[in-house]
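Student: I have just opened this model, and I would like to learn how to read its features one by one. Could you take me through it slowly, giving the general idea before each case?

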Amino acid sequence: MLLPRRETRRVILMRGANVSDLPGIHLLKRTLTLFGLFGFDPLRFVRALRGLPRFLRDLRSYRSADVHRRLPVRLVDLEPRLSDRFENAGVASGHYFHQDLWAARKIFLARPAHHLDVGSRVDGFIAHLLTFMPVEVIDIRPLKSSVVGLSFTQDDAGALARIPDGSVTSISSLHAVEHFGLGRYGDPVDPQAPFQAMRALERVLAPGGTLYFSVPIGIERVCFTAHRIFSPRTILGEFSALRLVSFSAVGDAGELDPDCPPDRYAQARYACGLFEFTKVAS
């Protein structure tokens with residue numbers, strides 16, 4: 001029996017499903033994403049309209065209270081920030097927040113003599129590591145920086161051709177491999193690129209070494225040209241020569257699920273799998 005739309009919504013919520021599973025929500029998110037491709041954020045625009053009356057009131061109040069005129073407000077200097085009052089104090093959830101802390105904490109405890117990163121976010125995860133150790137980074141894109149402790153090589157991060165087999169004791173690649181071969185960052189289009197990258201990471205890892213690896217996981221698909229989503233079993237299969245030390249995940253709602261079974265997220269929409277691997281010494 002078909003339920004009315006309102007009743008369907010109530011049943012879905014009672015079953016504890018993610019809000020993104022509700023009818024129409026996924027279509028709405030896709031529509032907003034398409035607007036974003038052309039530089040327009042409808043939600044931010046609406047919040048800005050809501051903040052305009054308060055901005056005008058605050059401007060009048062400031063001018064009235066500024067009797068000493070030490071720093072008077074001039075129209076030419078106005079820079080309205082209309083939506084900040086509706087934002088949270090910061091972001092303490094989501095893929096990048098949790099994965100960066102997850103990997104940085106593990107590396108801090110391990111304190112390797114040398115750490116290599118492949119394609120991770122420099123102003124997030126790499127910045128965390130630089131607070132306590134030097135880091136070597138490889139990325140296909142250029143990086144103009146003179147940060148102490150950061151050594152950078154512009155190279156094909158999917159091949160790691162300059163790095164000998166079994167030579168790296170500590171290596172990370174966070175939220176990067178899913179982009180390889182899509183052309184998004186100027187790299188050649190190649191459907192096999194992420195799998196080649198995983199084989200390269202496995203190849204250069206030293207016996208007894210540790211690989212910290214994350215990618216989007218869930219229902220397997222490619223969202224050209226943004227990223228791919230992999231089944232957890234695909235990742236485990238590609239790294240079959242390595243031993244899984246630990247697995248955690250960031251679910252569709254953006255919260256960390258530590259030390260959980262990988263198959264729990266096989267049907268996720270857009271989760272993030274956090275894989276810690278080691279290469280068993282022969």
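Student: Let me begin with one helix: which elements do the buried residues of α6 pack against?

Tutor: A word on the source comes before the answer: this is a predicted model, in which local features need pLDDT of at least 70 and side-chain atom pairs count only at pLDDT 80 or more, while totals for chains, interfaces and linings use all residues. Residues are numbered from 1 along each chain as its sequence is written, and side-chain values use heavy atoms, with hydrogens and water left out. Helices (H or I, at least four residues) and strands (E, at least two) are DSSP runs, numbered from the N terminus; buried means under 20% relative accessible area, exposed over 50%, and partly exposed in between, with a 1.4 Å probe and protein chains only; and contact means heavy atoms within 4.5 Å. With those terms in hand, the buried residues of α6 pack against β1 (116–118), β4 (168–174), β5 (205–217), β7 (227–229) and α7 (232–238).

Student: How many of the residues of α6 are buried, and what is the span of this helix?

Tutor: An α-helix has 3.6 residues a turn, so residues three or four places apart point the same way. Helix α6 covers residues 193–204, and its 12 residues reach 17 Å from the first C-alpha to the last, close to the 16 Å expected, where the expected span is 1.5 Å times one less than the number of residues. This helix is mostly covered, with 9 of its 12 residues buried, among them F195, M198, L201 and E202.

Student: E202 carries a charge, so which side chain of opposite charge is nearest to E202?

Tutor: Side chains of opposite charge can pair when their charged atoms come close. Here Lys and Arg count as positive and Asp and Glu as negative, while His and the chain ends are not counted; a salt bridge is a side-chain nitrogen of Lys or Arg within 4 Å of a carboxyl oxygen of Asp or Glu. For E202 the nearest side chain of opposite charge is K279, 6.8 Å away, and E202 has no salt bridge although it is buried. If residues up to four places away in sequence are not counted, E202 touches E238, F239, S240, A241, L242 and K279.

Student: Where in the structure do K106 and E276, which meet in a salt bridge, lie?

Tutor: A search of the whole structure finds 12 salt bridges, and in this one the side chains of K106 and E276 meet at 3.0 Å, N to O. K106 lies in helix α4 (residues 95–110) and E276 in strand β10 (residues 271–278), so the pair ties together parts that are 170 residues apart in sequence. K106 counts as partly exposed at 25% relative accessibility, whereas E276 is buried at 11%.

Student: And what distance separates the closest N and O atoms of R233 and D263?

Tutor: The closest N and O atoms of R233 and D263 are 2.7 Å apart, and the two residues form a salt bridge. R233 lies in helix α7 and D263 in the loop between β9 and β10, so this pair ties together parts that are 30 residues apart in sequence. R233 counts as exposed at 58% relative accessibility, and D263 as partly exposed at 41%. Salt bridges that share partners also join R54, D58 and R85 into one network.

Student: Turning to the sheet, in what order do its strands lie?

Tutor: Strands of a sheet pair through backbone hydrogen bonds, either parallel or antiparallel, and two strands are taken to pair if DSSP finds at least two bridges between them. In this chain 8 strands form an open sheet in the order β3-β2-β1-β4-β5-β10-β8-β9, with mixed pairing. The edge strands are β3 and β9 (256–257), each of which pairs on one side only.

Student: How many bridges join β2 to β1, and how many join β2 to β3?

Tutor: Strand β2 (residues 135–139) is mostly covered, with 4 of its 5 residues buried. There are 3 bridges joining β1 to β2, which run parallel, and 5 bridges joining β2 to β3 (residues 150–154), also parallel. V118 has I138 in β2 as its bridge partner, and V137 has F152 in β3.
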